[in-house]
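Welcome! Have the sequence and the 3D view ready, and try each exercise before you read its solution.

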Amino acid sequence: MASVSLRKLDKSYGALRIVKDIDLEIADGEFVVLVGPSGCGKSTTLRMVAGLESITGGEVRIGDRVVNSLPPRERDIAMVFQDYALYPHKTVRENLGFSLKVRGVGASESEARIAAAANMLGIAHLLDRRPGQLSGGQRQRVAMGRAIVRRPQVFLFDEPLSNLDAKLRGQVRTEIKKLHQALGTTIIYVTHDQVEAMTLADRIVILRGGNIEQVGTPDEVYNKPASIFVGGFVGSPAMNFARAKTAGGNLVFANGDHLALSALDAGGVSAAEGREFIVGIRPEHFVPASSSAADLSGQVQVVEPLGSDTLVHFALGDATLTARMPPQMRPRAGERLTIGLDPSKIHLFDAATERAIH
Ligand SMILES: Nc1ncnc2c1ncn2[C@@H]1O[C@H](COP(=O)(O)OP(=O)(O)OP(=O)(O)O)[C@@H](O)[C@H]1O
Ligand SMILES: [Mg+2]
């Protein structure tokens, strides 16, 4: 096993700078998840670690070796892509064993590793089948098994579950977590999926336009987002944002509703009169009106019953907010709604810089 260090890592294609001066220290055995919008440089970063993409500037270290100019096979990493290609004419057993054969691992050692990986992934009964005779989730587990038998220092996963349906995603996600708990191998994992990022990561790295926007544990990025970008990116349904101004010790929204500044987290916020903020409110932090310290009012636009709870979309001034409410709460579209809010749970961002105020 090994640590991975990215130091001033840079990537340009011609004049186009894609990855910008990234510094990231990943500890031995750590599970790090890279998230960010499409095109922000996640795959490029992973491919530079793998050695599949050249590095324009800075360095990649695996353990204590600088690997910038090492070919992929000498980096002791195993990568699982979204479009994992299994050999269609080989059995599962042969697919799993192929890389070991190429590396000259002996037959009995190879058999033992294949059996251990197959048991761990629940595919031991499928070893004599060919990929065409497997379900999508089973194929995905074979692809993972192929990486596991290698016993690499580092696993790199690039959206490995994105081809699976929701149920299988959930199952294989749990298997990946078990795998990490059992092997303790360092993992760098790219995903678009909020739930995967939150449930799998020791630390989440949020990338934006080739820069790191924030690095933190799932709790930190969810509870203390450094910017509007992170607040809106982590969490589902997404954090709500509404403009507000300070006036007379209150934070006043466009529709005139207000919250006392003194009731906000950390003993209140001192702010000059007329200062503009963007207020961030997570849908799950709204509560039925009577049980809260602060109320907001707006017109209901759309109501979405989900079974476990109800999403209520309502207008507050010119913003549309979403509240996650108890399942029995079913207001009607067009109705005026008063909804409660725990003021200690709201997030404040500077309207100009979009950075969090703490
Ligand atoms: N060979 C290339 N030449 C020029 N530009 C490239 C090349 N490969 C990737 N890019 C650009 O680099 C940027 C980052 O691509 P990358 O594949 O790393 O994004 P990503 O974060 O993985 O996105 P996605 O979530 O869509 O997979 C994109 O704007 C992409 O168009
Ligand atoms: Mg990608």
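Four short exercises on this predicted model follow, each with a worked solution.

**Exercise 1. The open sheet**

Work out in which order the four strands of the open sheet stand, and which strands are at its edges.

*Solution.* Start with the order, which is β2-β1-β4-β5, with antiparallel pairing. Next, look at the two ends of that order. β2 (16–26) and β5 (65–66) each have a single partner strand, so each has one side without a neighbour in the sheet. Then zoom in on one pair: β1, made of residues 4–13, joins β2 in the antiparallel sense over seven bridges. Within this part of the sheet, Tyr13 is placed opposite Leu16 of β2.

**Exercise 2. Around ligand 1**

Find the residues around ligand 1, then say which element gives the most to this shell.

*Solution.* First, list the residues: Tyr13, Leu16, Ile18, Gly36, Ser38, Gly39, Cys40, Gly41, Lys42, Ser43 and Thr44. Tyr13 and Leu16, the opposite residues from the sheet, are both among them. Second, assign residues to elements: β2 and α1 (42–50) each supply at least two. The most come from α1, which gives three residues. Third, sort the shell by character: four residues are nonpolar, six are polar and one is charged.

**Exercise 3. Positive phi in the strands**

Lysine 8 and aspartate 21 both have a positive phi. Are these residues buried, partly exposed or exposed?

*Solution.* Take lysine 8 to begin with. This residue lies in strand β1, and its phi is near 50 degrees, although lysine is not glycine. Now count: 11 other C-beta atoms lie within 10 Å of lysine 8. The limit for an exposed residue is 12 or fewer, so lysine 8 is exposed.

Move on to aspartate 21, which is found in strand β2. Its phi is also positive, at about 60 degrees, and again the residue is not a glycine. The count for aspartate 21 is 15 C-beta neighbours inside 10 Å. Since being buried takes 20 or more and being exposed takes 12 or fewer, aspartate 21 counts as partly exposed.

**Exercise 4. A cis peptide bond**

Locate the cis peptide bond that joins serine 236 to a proline, and name the loop in which that proline lies.

*Solution.* Go to serine 236 and step along to proline 237: the peptide bond between them is cis, with omega about -5 degrees. Then check what lies on either side. Proline 237 is in the loop between α8 (228–233) and β11 (240–247).

Note on methods
Residues numbered from 1 in each chain as written. Chains lettered and ligands numbered in written order. Predicted model: local features only at pLDDT ≥ 70, side-chain atom pairs only at ≥ 80, totals over all residues. Pairing = 2+ DSSP bridges. Near = placed C-beta within 6 Å. Nonpolar A, V, L, I, M, F, W, Y, C, P; charged D, E, K, R; others polar.
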